[in-house]
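The paragraphs that follow are a guided walk for someone meeting this structure from the outset. Please keep the sequence and the 3D view open side by side while reading.

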Amino acid sequence: MGDHKPCDQVRVRVPATSANLGPGFDAFGLALTLYDDLVVTPCGSGVTVEVTGCGEGEVPLDESHLVVRSIRAGLEALGAPVPGFTLRCENRIPHGRGLGSSSAAIVGGLAAAFALAGEPVDRERLVVLANELEGHPDNVAAAALGGLTIAWTEGETGRAVRLEPAAGTAVVAYVPDNRVLTKEARGLLPSVVPHTDAAANAGKAALLVAAVTGRPELLLTATEDRLHQEYREPAMPESLALVHKLRGSGHAAIVSGAGPTVAVLGGHEGKSAGQDLFFRSTPDAPDGWTKYELEIDPVGVQVWSMEAG
Ligand SMILES: Nc1ncnc2c1ncn2[C@@H]1O[C@H](COP(=O)(O)OP(=O)(O)OP(=O)(O)O)[C@@H](O)[C@H]1O
Ligand SMILES: [Mg+2]
């Protein structure tokens with residue numbers, strides 16, 4: 001702990017993330033300009049939780065709330081006192097759709113814990129702690145670092161590097177009404193895959209780094225996957241159908257995270273009549289789906305604290 005004063009309110013903004021990006025299963029993450037906002041105010045003992053937006057009326061409002069658990073885990077890991085607090089969540093990241101809502105909750109809660117402990121956010125440590133709570137590092141890395149991230153584990157320890165996406169990189173996310181739980185989608189994956197598929201994915205994953213960081217014309221071929229998307233088709237047939245349709249018309253479409261959201265990676269191609277051409281070139285959302293036009297969040301979770309007088 002530093003010699004900072006405790007603060008009397010912490011505000012946190014944490015981005016949605018898209019993981020896998022096609023061939024980079026469990027490794028790639030991209031931070032998106034769609035955010036959950038948290039306000040944490042220490043007071044008394046126990047917790048009071050208020051949620052508006054996504055998850056309202058669904059997530060618990062007690063100690064079992066994922067942000068509350070993450071704040072407490074963070075304070076304990078930092079050796080800081082664990083106060084009571086009120087937590088206000090304004091959520092825009094849809095839950096159970098493959099846009100990293102659970103990672104945002106964990107990274108947001110842990111970042112708040114750093115501020116409550118009077119410490120600057122140590123992003124490397126944030127990835128380690130968040131990976132312990134989430135169980136895999138790909139989404140938490142992007143939520144913690146922003147931009148394009150490549151995550152891995154050394155033993156049990158979550159690690160990540162951040163790369164700078166090319167200026168103008170943009171993402172269209174098609175989000176259906178229904179949810180798919182990460183656990184369910186993971187259960188469909190085979191334990192053994194053909195060597196040719198593994199080799200193809202390794203090459204495409206490497207190519208995807210080049211494509212996202214400066215060669216957008218390679219995005220379509222660089223987002224080809226043979227290791228997970230098709231195996232998950234039974235859990236999300238409409239998502240796979242949309243991926244095939246979009247790819248068939250030249251869009252670099254992938255299943256975002258564990259699905260069922262479908263994301264298209266692309267780049268701004270200038271504007272016409274005030275409308276971005278990349279966004280305009282993508283089709284409207286199918287019935288029952290919502291289309292989000294997003295850019296890349298460059299910095300990851302942000303924290304503001306007001307120090308006690
Ligand atoms: N902001 C939040 N506050 C409280 N709980 C949350 C929050 N976000 C997610 N959760 C919990 O996590 C669950 C969703 O986690 P899940 O990993 O299945 O989906 P996801 O994180 O949205 O998608 P993915 O992991 O594929 O990117 C929710 O049902 C809820 O229990
Ligand atoms: Mg999740």
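In which loop is G84 found? G84 is found in the loop between helix 1 (66–77) and strand 4, where helices (H or I, at least four residues) and strands (E, at least two) are DSSP runs, numbered from the N terminus. At 3% relative accessibility, G84 counts as buried, because buried means under 20% relative accessible area, exposed over 50% and partly exposed in between, with a 1.4 Å probe and protein chains only. Although G84 and R72 are 12 residues apart in sequence, their C-alpha atoms are 9.7 Å apart in space.

Before going further, a note on the model is useful. This is a predicted model, in which local features need pLDDT of at least 70 and side-chain atom pairs count only at pLDDT 80 or more, while totals for chains, interfaces and linings use all residues. Residues are numbered from 1 along each chain as its sequence is written, chains are lettered from A and ligands numbered from 1 in the order in which they are written, and side-chain values use heavy atoms, with hydrogens and water left out.

The walk can now turn to the ligand. Ligand 1 is surrounded by 20 residues, of which the closest are G96, G100, S101, S102 and R179; a residue is near a molecule if one of its heavy atoms lies within 4 Å of it. Domain 1 (7–163 + 297–307) and domain 2 (169–295) both give residues to this shell, so ligand 1 lies between them, the domain bounds being taken from an automatic or database domain assignment. The largest share of the shell, three residues, comes from helix 2 (residues 101–116). By residue type, the shell divides into seven nonpolar, 10 polar and three charged residues, where Ala, Val, Leu, Ile, Met, Phe, Trp, Tyr, Cys and Pro count as nonpolar, Asp, Glu, Lys and Arg as charged, and the others, Gly among them, as polar.

Several atom pairs give a more detailed view of this site. An N or O atom in the side chain of S101 is 2.7 Å from an oxygen atom of ligand 1, a backbone N or O atom of A258 lies 3.3 Å from an oxygen atom of the ligand, and for a backbone N or O atom of L99 the distance to a ligand oxygen is 3.4 Å. On its own, ligand 1 has 630 Å² of accessible area, and the protein covers 85% of that area, as computed by the Shrake-Rupley method with a 1.4 Å probe.

The UniProt record can be set beside this picture. An unreviewed UniProt entry places the feature "binding site" at P94, H95, G96, R97, G98, L99, G100, S101, S102, S103 and A104, and such annotations may be inferred rather than shown by experiment. G96, one of these residues, has its place in the loop between strand 4 (85–91) and helix 2, and it is buried, with a relative accessible area of 19%. The unreviewed entry also places the feature "domain: GHMP kinase N-terminal" at residues 66–147, a span that is 59% helix and 9% strand and whose end C-alpha atoms lie 24 Å apart.

Helix 4 deserves a separate look. Eight of the eight residues of helix 4 (residues 138–145) are buried, so this helix is largely enclosed by the rest of the structure. Just after helix 4, G146 takes a positive phi of about 75°.

Some backbone details remain. Most residues other than glycine have a negative phi, and most peptide bonds are trans. L21, which lies in the loop between strand 1 (7–19) and strand 2, has a positive phi near 55°, and at 0% relative accessibility it counts as buried. D26 has its place in the loop between strand 1 and strand 2 and has a positive phi of about 65° although it is not a glycine; at 26% relative accessibility, D26 counts as partly exposed. A cis peptide bond, with omega of about 5°, joins G259 and P260, and P260 lies in the loop between strand 8 (252–255) and strand 9 (262–267).

Two further places complete the route. D37, found in strand 2 (residues 28–42), counts as buried at 17% relative accessibility, and a polar contact of 2.9 Å joins the side chains of D37 and R13; a polar contact is a pair of N or O atoms within 3.5 Å, and within protein one must be able to donate a hydrogen and the other to accept it, with residues adjacent in sequence counting only if both atoms are side-chain atoms. G155, in the loop between strand 5 (148–154) and strand 6 (157–163), counts as exposed at 67% relative accessibility.
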